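I opened the model to look up how its chains meet and which side chains pair. My entries follow in the order in which I made them.

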Protein chains: 4
Amino acid sequence: MKIGILTSGGDCPGLNAVIRGAVLKGIKIYGHEFVGFRDGWRGVVDGDTIELPRHMVRGISKQGGTILGTSRTNPYDGPNGGPEKIKATLARLGVDAVIAIGGEGTLAGARELSEAGLPIVGVPKTIDNDLDATDYTFGFDTAVQIATEAIDRLRTTGESHHRCMIAEVMGRNVGWIALHAGMASGAHAILIPEQQVSMDQVVEWVLEAHGRGRAPLVVVAEGWVPAGEHIAHSVRGTDVFGRPRLGGIGERIAPQIEHLTGLETRAATLGHIQRGGVPSAFDRVLATRLGMASVDAATKGLWGTMVSLRSTEIVNVGLEEAVGNLKKVPQERYDEAAMLFG
Amino acid sequence: MKIGILTSGGDCPGLNAVIRGAVLKGIKIYGHEFVGFRDGWRGVVDGDTIELPRHMVRGISKQGGTILGTSRTNPYDGPNGGPEKIKATLARLGVDAVIAIGGEGTLAGARELSEAGLPIVGVPKTIDNDLDATDYTFGFDTAVQIATEAIDRLRTTGESHHRCMIAEVMGRNVGWIALHAGMASGAHAILIPEQQVSMDQVVEWVLEAHGRGRAPLVVVAEGWVPAGEHIAHSVRGTDVFGRPRLGGIGERIAPQIEHLTGLETRAATLGHIQRGGVPSAFDRVLATRLGMASVDAATKGLWGTMVSLRSTEIVNVGLEEAVGNLKKVPQERYDEAAMLFG
Amino acid sequence: MKIGILTSGGDCPGLNAVIRGAVLKGIKIYGHEFVGFRDGWRGVVDGDTIELPRHMVRGISKQGGTILGTSRTNPYDGPNGGPEKIKATLARLGVDAVIAIGGEGTLAGARELSEAGLPIVGVPKTIDNDLDATDYTFGFDTAVQIATEAIDRLRTTGESHHRCMIAEVMGRNVGWIALHAGMASGAHAILIPEQQVSMDQVVEWVLEAHGRGRAPLVVVAEGWVPAGEHIAHSVRGTDVFGRPRLGGIGERIAPQIEHLTGLETRAATLGHIQRGGVPSAFDRVLATRLGMASVDAATKGLWGTMVSLRSTEIVNVGLEEAVGNLKKVPQERYDEAAMLFG
Amino acid sequence: MKIGILTSGGDCPGLNAVIRGAVLKGIKIYGHEFVGFRDGWRGVVDGDTIELPRHMVRGISKQGGTILGTSRTNPYDGPNGGPEKIKATLARLGVDAVIAIGGEGTLAGARELSEAGLPIVGVPKTIDNDLDATDYTFGFDTAVQIATEAIDRLRTTGESHHRCMIAEVMGRNVGWIALHAGMASGAHAILIPEQQVSMDQVVEWVLEAHGRGRAPLVVVAEGWVPAGEHIAHSVRGTDVFGRPRLGGIGERIAPQIEHLTGLETRAATLGHIQRGGVPSAFDRVLATRLGMASVDAATKGLWGTMVSLRSTEIVNVGLEEAVGNLKKVPQERYDEAAMLFG
């Protein structure tokens, strides 16, 4: 059996460990052959592959990024996209199965293609942990760890200068990274897209912490908007044509908090450092196990399914379970965290 | 309600986060009062406490160790031990409930005492992850991460010198740390107490890796014994009376592997660094949530229960579920890992 | 002898290690007594102090920030500022000597005050490493290490997405952090305030790296300006009054580079995380030694001097040597680094 | 010009950065060609080389170990050793110059060979920092940082259990790592080979720290011996022939300290993790600069010299300055540190 692997969408610590797990098990246990599609679906559409013999995956599980490259290309894009053209391309390449590692968009595409008869299994990938049908996704633990270490550093500056510090972390649609990094670093307020919170409430938490002699710490997900306000991100630079670029919510609310509380306030946007680099041990183990399970699924012909973590087990679930439902932070998890605010 | 907290047994990253979670929620949500028993059950038996107002737990969730101290004292020890004497001591101190943070022994003691009518709830603590009735215990993730980082470092030495490297990690009775750190670091062999593996098999894996041009890496749990051999740890130094002290399995098998494979072989025992220091973000979140849930359980009078992680939820389980059954690495988890050996 | 210590200006990893070194040696070797001035010169001007017995400095050398607090107050500010008023305040407090830990501004103030007869010794503190008369200042090594680790993470994202990544690091007037973090991370271009470099040159380096199949990495100090351009920082958000806030150079040049090279380009501003948190071992040792030497200088009455690192030795130099001359990156050091660009 | 590079002796973080610095500058600035000798002098003696085009050194400056491999082979060993045979081998390979990266032994060999007319320049390499004629050697900073982080972790265990902790670090002949890691971690005693210290003195320091409520921390270099005692390392395991293997000083003195102080005492030997893995930013910069300077020296034909760090400059010194004199910790540096003991 010849299996093609692709990584699609934003990079994520653990991608290489998935690739390694799939290739090693596929070669050692099943005698499969592997190729990698370059740059996600683009490599599928263009038939652009690299060989993946065993030595190519040597030592890569601790490397960030993806050795295959990635892109945001859609499998339906262009003259060679769509199920029939891809079917022909796979036939030409002799590829019997595709392991698609990607997020919501990739898995939705994989579902459509597998319904159209293509032999595809999915591996869920989202640094934001926003995919349903799996307890955690690889990369999330690393992102939380990096954010937490950075916030630990910010705190000492806040305390020395008696400032309010705002840390903006990733999370456009869901607040999992903010929730975990905020709890881990003892934040006095955590602001996430799922929760309507007014600036008045934020100010109350900030002043409460300040009143106890603490330097207030606010952790905010990039997708949060103050209750009652329109989405109106601040301007962050201008692009090459002089048009304003939208900036972060942390920088936008810092002057408001400073104004409303009278406390010197600084925002730090953690940005891309959250998604790169060496994966945590947790993510390496999870990613390796998912990669190994994906090759089992491909061998069994479980097309249209993806591998998933349930408690401590790796299971198989239909892609329809995973796509369409964003896994939001439930109310009770936010309420639990909010008990320690202020 | 006045609640006494104790930490017992070996230290573990996350103990302080449990204490902080319990105290903050207890004070803010329920209006409870807290004291800490010094040095585990010794503080209970001796009635030796410190006050735990809110400011005492400030910023401690990222500190390793335990601010309460710990010991291996048994609650039945000495003239002031046992349920009746402890009941009298708690009454004298005005303590209405005890939150006991500890491992198998502590929880077994807590169970007995709660059956004798004492108001105790447990929080499971084991760096080895060997407690049943919970998916993970705090401290385990940190230990795996530290071990993995150390093993990443050992590899570069192995590869530069073309040596076989043996990393001995914690795990007297179970091999969870070895399994996870070994998978995360891409070990060519993982040896755990639960699995009978012969030296011949180990040598085969080592030579297979060497044959592919790799510097073989063996991760061994301290409690592993080669199949067919008696427990015969090597001598590691002598004590003050000149008597030999038992050394580690890594050092013991290194010369055997060297002899049998002809490869220069070195062992490194990671030791105490695995259990100290700053907890990982994962462990801080888990420990904080467990601490908060333990105070809920105490408030509800759920004596004889402990808090536990199931998938992503914190639940309450009877202590009888947790004690008595060592949570071993299941055969299928070892088989999964072993597919990548050699 | 009663010695007062103050920390002034931006926080910096190692401040607490200086304080601990001074207090421990002062108490153990000389039998001195110590107080800390709160929040830098403000505490001096206001006579606002805290006692510094030995136990106050226990375990603080690995803590970021400063236990004394800091501010940007000038010793000449306000009705109680200036040499005569401060002299009176010190007399009232019984303080015989002041150890002032701070940057250019603080040391210039300390020089003036000591020339006016006040008993002051300085300890140089600048995370930017821009003080003359010392090889390195504490905090710099930690900042470089944090920046390097963050840039290592950024690279994997750049390589997976075939992007040009721009990392903006601290350095308003000098480029030491950019130079060292850039060399350590193998940057394809390093841009520093000391060096006139045109955007054409930057584009050439970026395209050269891209031409060899690399994801170009540019490390830029916040104070760099493209040759031939006015200082025209981009807009980063608006303040509470709706006025634009000046943004960073990294964000400003990213769209230009994208436009001129055709490569997707992303900027990350490392910001405050570079100055907080646990100091590196190098900085802890350096800071401890400087703290100890500062108390020697105070004991000997070497007013108007500061302690300084020369090669591996701690020496005393006149404050006049340190202030007035910004220590810039010399041409030959930049040329050395530039040989590896592109 | 065709230059051959070798790395010899124990591995050390930064070796790859030296290789990269030399190759990049050599190719880009001088147009040289490079080969690597495999496994140190063995590759020279055997004429065993690999090509080193530019892409071979891509991204390696942050990798631990050495891509060339290393060994303890002596250039005078075997039938093909010695200056004449090597001269012939170099001629056959077309190698015009050798850059030898190694410690005392390697540099002594390089000196002899260059006196015999061979075109060799040296790059000093010792993780122990024991080479004279250079302020620091690369690898040392990383080793100190790793040791310090490990000791930070050990402390929390010590404090929770009220134990005396002993950390044994590298340093067979000199105590630089112990001195720096001990100062950085606030050790209550630092024991180094250069200093005669009695067990009575150690016990006094331990009890003094304990008396102030601290968990005593002792950092000992592996080569230290208690004053008045013979070198009598403890037994650590047995080798394959049943003969005792010599164990570490930490494990040996732990029971003595426990016996003499009545405090529970544990030793941890940090071992090989100190010399592997990702180099610190400091070491990457230093190593890159040394590599670049070594190719300058080779280009200029400065045979018999080595590159060296003086303050912040890279200079050239004769190999005779570097070899023969072990750079010991001077008395005043130990006295400085010892002021904070107890």
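**Entry 1: chain A and chain C**

I superposed chain A on chain C with a rotation of 180° and 0.0 Å of shift along its axis, at an RMSD of 0.0 Å. The same surface serves both copies, since I found that 100% of the contact residues of chain A recur in chain C. I note that this is a predicted model, and every value here is computed from it.

Next I looked up the contact itself. I count 45 residues of chain A in contact with 46 residues of chain C. Between them, chain A and chain C bury about 3400 Å², and 58% of that area is on carbon and sulfur atoms. I then asked which three residues supply more of the area that chain A buries against chain C than any other three. They are Arg153(A), His272(A) and Ile273(A), which supply 20% of it.

I checked for charge pairs and polar pairs across this interface. I found zero salt bridges between chain A and chain C. For polar contact I found 16 residue pairs, with both residues at pLDDT 80 or more.

I also listed the elements on the side of chain A that touches chain C. Helix H5 (140-161), strand E9 (235-238), helix H8 (249-261) and strand E11 (265-269) of chain A each supply at least two residues. H5(A) gives the largest share, nine residues. Sorted by class, this side of chain A has 22 polar, 12 nonpolar and 11 charged residues.

**Entry 2: chain B and chain D**

I repeated the superposition for the other pair. A turn of 180° with a shift of 0.0 Å along the axis lays chain B on chain D, and the RMSD is 0.0 Å. The two copies are thus related as by a two-fold rotation axis. The same surface serves both copies here too, as 98% of the contact residues of chain B recur in chain D.

The contact takes 46 residues from chain B and 45 residues from chain D. I noted about 3400 Å² buried between chain B and chain D, with 58% of it on carbon and sulfur atoms. Arg153(B), His272(B) and Ile273(B) supply 20% of the area that chain B buries against chain D, more than any other three residues.

How many salt bridges cross the interface of chain B and chain D? I found zero. The count of residue pairs in polar contact between chain B and chain D is 16, with both residues at pLDDT 80 or more.

On the side of chain B that touches chain D, I find at least two residues from each of helix H5 (140-161), strand E9 (235-238), helix H8 (249-261) and strand E11 (265-269) of chain B. The largest share of this side, nine residues, comes from H5(B). Its residues divide into 13 nonpolar, 22 polar and 11 charged.

**Entry 3: chains without contact**

I then looked up two other pairings. No contact joins chain A and chain D, and their closest C-alpha atoms lie 11 Å apart. Chain B and chain C are likewise joined by no contact, with their closest C-alpha atoms 11 Å apart.

**Entry 4: pairs within a chain**

Over all chains I count 68 salt bridges. I looked up the one in which the side chains of Asp135(A) and Arg310(A) meet, at 3.9 Å from N to O. This pair links distant parts of the chain, 175 residues apart. Asp135(A) is in the loop between strand E5 (120-124) and H5 of chain A, and Arg310(A) is in strand E12 (residues 305-310) of chain A.

For rings, the structure holds 18 aromatic pairs over all chains. I looked up Trp205(B) and Phe341(B), which form an edge-to-face pair, 4.8 Å centre to centre with 80° between the planes. This pair also links distant parts of its chain, 136 residues apart. Trp205(B) is in helix H7 (residues 199-211) of chain B, and Phe341(B) is in the segment after helix H11 (331-338) of chain B.

Notes. Residues are numbered from 1 along each chain as its sequence is written. Chains are lettered from A and ligands numbered from 1 in the order in which they are written. This is a predicted model: local features need pLDDT of at least 70, side-chain atom pairs count only at pLDDT 80 or more; totals for chains, interfaces and linings use all residues. Side-chain values use heavy atoms; hydrogens and water are left out. Contact means heavy atoms within 4.5 Å. Copies are superposed by least squares on the C-alpha atoms of residues with pLDDT of at least 70 in both. Buried area is the accessible area (1.4 Å probe) that two parts lose on being put together, summed over both. A salt bridge is a side-chain nitrogen of Lys or Arg within 4 Å of a carboxyl oxygen of Asp or Glu. A polar contact is a pair of N or O atoms within 3.5 Å; within protein, one must be able to donate a hydrogen and the other to accept it, and residues adjacent in sequence count only if both atoms are side-chain atoms. Helices (H or I, at least four residues) and strands (E, at least two) are DSSP runs, numbered from the N terminus. Ala, Val, Leu, Ile, Met, Phe, Trp, Tyr, Cys and Pro count as nonpolar, Asp, Glu, Lys and Arg as charged, and the others, Gly among them, as polar. Rings of Phe, Tyr and Trp (its six-membered ring) pair if their centres lie within 6.5 Å; planes under 30 degrees apart count as stacked, over 60 as edge-to-face and the rest as tilted.
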